[in-house]
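Please work through the following exercises with the sequence and the model at hand. Each task is followed by a worked solution.

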Amino acid sequence: MTRAPTFALIALFAAMPAVAQTPAAPPQPEQDIVSVMSRMTLVVRDLEASKRFYTYALGYQLAGERLIDNPIVKVQMGIAQDRTMRFAILRSSHVIAGERRDGAGIGLIEIGNPPLPVMSRPGDAVLAAGEAMMAVRTTDIALVHARLRELGARILLEPMKSPDGRETELVVHDPDGVRIHVVQRADRPAPTPMQSK
């Protein structure tokens, strides 16, 4: 006797028309918005170690460094006023394949008094949702690789060629565990300058 209501419910749901699940269209802006990344800022444990990694191993230039004591900036960062903040800006601007390429800057912030807790991935996960990854293009991946090894960096993937042979890529963690893909592309050679007669 207890089965009848169950069968009745199953029949009722089977007879209901299916509702199409269409994703809602994103709202259309009244005007276009253009956004370009100008800088990615990383919170680091050891500013000196991070500067050495990005300048010596990856070729970035130190554009500036200072102690931040502006109370408004500390409010924006969500930290207490008695915490210390050291900030460095790194820039990259190089000629690659005959063209000048200006990469987005990297900011490095070290917060102390006391030091911040360190984020960790769950279990032995190689990646975790919400994690940042960076892609860096280089002109000399062999030299980058040698300098990373010299610094004792954690290299996750040794230099590896793509199937078509046009790219060589390595993957490394920076001193705070940010995953970085370093790529050298076999571009056409840079054009030779015309000689004046």
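The exercises below treat aromatic pairs, a charged side chain and nonpolar cores.

The model is predicted: local features need pLDDT of at least 70, side-chain atom pairs count only at pLDDT 80 or more, and totals for chains, interfaces and linings use all residues. Residues are numbered from 1 along each chain as its sequence is written, and side-chain values use heavy atoms, with hydrogens and water left out.

**Exercise 1.** Determine how many aromatic pairs there are, and classify each.

*Solution.* Step 1: apply the criterion. Rings of Phe, Tyr and Trp (its six-membered ring) pair if their centres lie within 6.5 Å; planes under 30 degrees apart count as stacked, over 60 as edge-to-face and the rest as tilted. Two aromatic pairs result.

Step 2: classify them. Phe53 and Tyr54 are edge-to-face, with 4.9 Å centre to centre and 80° between the planes. The planes of Tyr54 and Tyr60 stand at 90° with the ring centres 6.3 Å apart, so this pair is edge-to-face.

Step 3: combine them. Ring pairs join Phe53, Tyr54 and Tyr60 into a cluster.

Step 4: assess burial (buried means under 20% relative accessible area, exposed over 50%, partly exposed in between, with a 1.4 Å probe and protein chains only). Tyr54 counts as buried because its relative accessibility is 0%; Tyr60, at 11%, also counts as buried. Phe53 is buried.

**Exercise 2.** Locate Arg83 and establish which backbone oxygens its side chain reaches.

*Solution.* Step 1: Arg83 sits in the loop between helix H3 (71-77) and strand E3 (84-96); helices (H or I, at least four residues) and strands (E, at least two) are DSSP runs, numbered from the N terminus.

Step 2: Arg83 is buried yet has no salt bridge, that is, no side-chain nitrogen of Lys or Arg within 4 Å of a carboxyl oxygen of Asp or Glu. The nearest side chain of opposite charge, Asp82, is 5.6 Å away.

Step 3: the side chain of Arg83 reaches the backbone oxygen of Pro114 at 2.6 Å, and one of its polar atoms lies 3.1 Å from the backbone oxygen of Gly112.

**Exercise 3.** Describe the largest nonpolar core.

*Solution.* Step 1: a nonpolar core is a set of buried Ala, Val, Leu, Ile, Met, Phe, Trp, Tyr and Cys residues joined through side-chain atoms within 4.5 Å. The largest has 24 residues, and Leu42, Tyr54, Leu108 and Ile180 have the most contacts inside it.

Step 2: elements that each supply at least two residues include strand E1 (39-44) and strand E8 (179-185). Helix H2 gives the most, with four residues.

Step 3: another core, of seven residues, lies apart from this one, and Ile68 and Phe87 are among its members.

Technical notes:
Lys and Arg count as positive and Asp and Glu as negative; His and the chain ends are not counted. A polar contact is a pair of N or O atoms within 3.5 Å; within protein, one must be able to donate a hydrogen and the other to accept it, and residues adjacent in sequence count only if both atoms are side-chain atoms.
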